[in-house]
Amino acid sequence: MASLAERVRGNGRIAAGLLLNLLVSICIVFLNKWIYVHHGFPNMSLTLVHFVVTWLGLYLCQKLNIFAPKSLPPSKLLLLALSFCGFVVFTNLSLQNNTIGTYQLAKAMTTPVIIVIQTLCYKKTFSTKIQLTLIPITLGVILNSYYDVKFNFLGMVFAALGVLVTSLYQVWVGAKQHELQVNSMQLLYYQAPMSSGMLLVAVPFFEPLFGEGGLFSPWSVSALLMVLLSGVIAFMVNLSIYWIIGNTSPVTYPFPNDLQMHSLLYFLKRHHINFLESDNYYCMA
């Protein structure tokens, strides 16, 4: 009975983690799209804010004794930190250059790509049923991309790069947690500042720092509040990603993404919005 109770509690924690990730992921899609369209905040700079807020949040958690930091060799985290940058930057660029529907449907390709990576690189095997589910997912994404009335080649390039880097990142997160024997907070605590430093060096080459539209330009109070809120939600998204992968597997994590996609599409349909055409649905009262 004790083991059964422990399994029930464990499954309950996983379900709660999946639900939290689902909710905050939906929130950040709407919020980031709002920030891009209504405030024009630069993409990489917003990602940098996300990383810094994530690290500050973990630093606060460490000071409150929520977790104990573990010394990790930076060389072991270099590729993970770099893939974290690519994961967030490319998915945000996909969101910025595609409609919400196309952005969400492209993310559905994460599961097939993760399975391919784990099969080819880690020699893992998956059941025939799991492999067969990849066929409708892949066909659905291809057909949507082909018939998208607002097809954007650059947006599709960013979406493809986002899927590839995201898949690598999720596989590596699970591998590193097991290799280094650390939990989600311990790994993210060291990886987040490394990713922040990488982006801090890269941002001046791709985006203005001062002047109109620059990171340090005189933004309105409402814009700054929205960016800060986006950073807090990003902290919750990042932490829940690491926790889910560490307690399940990289293949499990795309599950809340699929729920997120269906939830967003249901919202758009419920409000009679063409998710392929409209980028401005979130302006409704």
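The following exercises, each with a worked solution, concern the predicted model shown above.

Residues are numbered from 1 along each chain as its sequence is written. Because the model is predicted, local features need pLDDT of at least 70 and side-chain atom pairs count only at pLDDT 80 or more, while totals for chains, interfaces and linings use all residues; side-chain values use heavy atoms, with hydrogens and water left out.

**Exercise 1. Overall composition**

Determine how many helices and strands the protein chain has, and describe its burial, contacts and surface.

Step 1. Helices (H or I, at least four residues) and strands (E, at least two) are DSSP runs, numbered from the N terminus. The protein chain has ten helices and zero strands, and its elements run α-α-α-α-α-α-α-α-α-α from the N terminus on.

Step 2. Residues are buried under 20% relative accessible area, exposed over 50% and partly exposed in between (1.4 Å probe, protein chains only). Of the 285 residues in the protein chain, 49% are buried.

Step 3. A contact means heavy atoms within 4.5 Å. Of the contacts between residues at least 6 apart in sequence, 86% join residues at least 24 apart.

Step 4. The accessible surface (Shrake-Rupley method, 1.4 Å probe) is about 14400 Å² for the protein chain, and carbon and sulfur atoms account for 71% of that surface.

**Exercise 2. Confidence**

Identify which elements have the lowest and the highest mean pLDDT.

Step 1. pLDDT is the predictor's confidence in each residue, from 0 to 100. The protein chain averages 77, and 79% of the residues score at least 70.

Step 2. Among the elements, helix H10 (residues 254-270) has the lowest mean pLDDT, 49, and helix H2 (residues 43-63) the highest, 89.

Step 3. Over residues 271-285 the pLDDT is below 50, and this stretch has 39 contacts in the model beyond near neighbours in sequence. Where pLDDT is low, the predicted coordinates should not be read in detail.

**Exercise 3. Helices H7 and H8**

Compare the span of H7 and of H8 with the expected value, and locate the bend in H8.

Step 1. The expected span is 1.5 Å times one less than the number of residues. H7 (residues 153-180) has 28 residues and reaches 40 Å from its first C-alpha to its last, close to the expected 40 Å. Gln181, with a positive phi near 55°, follows H7.

Step 2. H8 (residues 184-206) has 23 residues and reaches 31 Å between its first and last C-alpha, close to the expected 33 Å.

Step 3. A bend is the angle between axes fitted to the seven residues ending at a residue and the seven starting there. H8 bends by about 25° at Leu200, and Pro204 follows within four residues.

**Exercise 4. Two residues of H7**

Establish whether Leu161 and Ser167 are buried, exposed or partly exposed, and describe their surroundings.

Step 1. Leu161 is found in H7 and is partly exposed, because its relative accessible area is 32%. Its C-alpha is separated by 9.9 Å from that of Val89, 72 residues apart along the chain.

Step 2. Ser167, also in H7, counts as buried because its relative accessibility is 0%. Not counting residues up to four places away in sequence, Ser167 touches Thr110, Val113, Ile114 and Ile117. The C-alpha atoms of Ser167 and Ile117 are separated by 7.9 Å.

Step 3. The side chain of Ser167 reaches the backbone oxygen of Val163 at 2.7 Å.

Methods. Polar contact = N/O pair within 3.5 Å; in protein donor to acceptor, adjacent residues only side chain to side chain.
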